[in-house]
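Trainee: Got a minute? I'd like to go through this structure with you.
Mentor: Sure, put it up and ask away.

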Amino acid sequence: MAYEISAVAAAMDRKVMQLEHITHNLANASTSGFKAEHLLALNTLQEESKAGDEAAPQNTLMVDFTRGTSHRTENPLDLYLQEDGFFVVQTKEGPAYTRKGDFTVNSLNQLATQAGDPVVGDGGPITLQNGKIHVAQNGSVFVDESQVGKLRIVDFANRQNLRKAGGGLYLDDGSAGVKKVDRPDISSGSIELSNVNVIKEMTEMIDIHRSFELYQKIIQTLTDQDKLSVSRVGRV
């Protein structure tokens, strides 16, 4: 099957983009709450040629929202969602959602992300006064023996519609189908680790390098054929 150099070059560009996401995943393999991202595209020139010149393959960024394993820290402000769902965070852009539960207390004595954004409860931000802090399995927050709030936990019907906002946060433009989780299962004193599978990412990286080398050989072959054709025409 004949290929054009432009088609091979386009396939190489997509491999480079996939490699960038793999590199990003590996760089965040130790980032708590990080979700691996994968750029899906047609993997072979043959599949690409079937689509026709006018139907260029589309790249689709997919986020792997599967839960990462938990890591015990004994810090009462480190929270791990043992089931599906997201913590709700109040940001300048509006409500944001995260599974990165390494929380702290901001300057307003509110339960907050490491960036200082308040974590939202059923009644808004949760203020923590001096005392022993405890977060129950159902999300109720206590200081000493007094309940000061209850964490708002939500999930989405279409998680892939969430938009990444950095810092482990995601935004919803209204298309993700938010729904409240009535019975959350929260473990205090633990955080969620990254769900990046390092071995799988490394294997995919090797495959991409091999594909890239193959595409380079195809381009070299096509270039040599063009030179040969020009040479023959010149002799005629």
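Trainee: How much of the protein counts as buried?
Mentor: This is a predicted model. Of its 236 residues, 40% count as buried.

Trainee: And the surface? What share belongs to carbon and sulfur atoms?
Mentor: Those atoms hold 50% of an accessible surface of about 13,500 Å².

Trainee: What about secondary structure, how many helices and strands?
Mentor: Three helices and 19 strands.

Trainee: Which share of the contacts joins residues at least 24 apart?
Mentor: Counting contacts between residues at least 6 apart in sequence, 64% do.

Trainee: Switching to pockets. How much space is in the second largest one?
Mentor: The second largest pocket holds about 190 Å³. It has 13 lining residues, and Gln18, Ile22, Leu39, Glu204 and Ile208 are the closest to its centre.

Trainee: Which elements give two or more residues to that lining?
Mentor: α1 (5–27), β1 (37–40) and α3 (198–235).

Trainee: What classes of residue are in the lining of that pocket?
Mentor: A mix: four nonpolar, five polar and four charged.

Trainee: Now cavities. How many come to 30 Å³ or more?
Mentor: Two cavities. The second largest has a volume of about 30 Å³.

Trainee: Which residues line the second largest cavity?
Mentor: Phe65, Arg67, Asp84, Gly85, Phe86, Arg99 and Arg159.

Trainee: How does that lining divide by class?
Mentor: Four are charged, two nonpolar and one polar. Gly85 lines this cavity, and Gly counts as polar here.

Methods
Residues numbered from 1 in each chain as written. Predicted model: local features only at pLDDT ≥ 70, side-chain atom pairs only at ≥ 80, totals over all residues. Heavy atoms only, no water. Helix = DSSP H or I, 4+ residues; strand = E, 2+ residues; numbered from the N terminus. Buried < 20%, exposed > 50% of the residue type's maximum accessible area, 1.4 Å probe, protein only. Contact = heavy atoms within 4.5 Å. Areas by Shrake-Rupley, 256 points an atom, 1.4 Å probe, with all protein chains shown as cover. 1 Å grid on protein atoms, 1.4 Å probe; cavity = no way out; pocket = protein on both sides within 12 Å on 5 of 7 lines; lining within 4 Å. Points joined across faces, edges and corners; volume = space filled by probe spheres on them.
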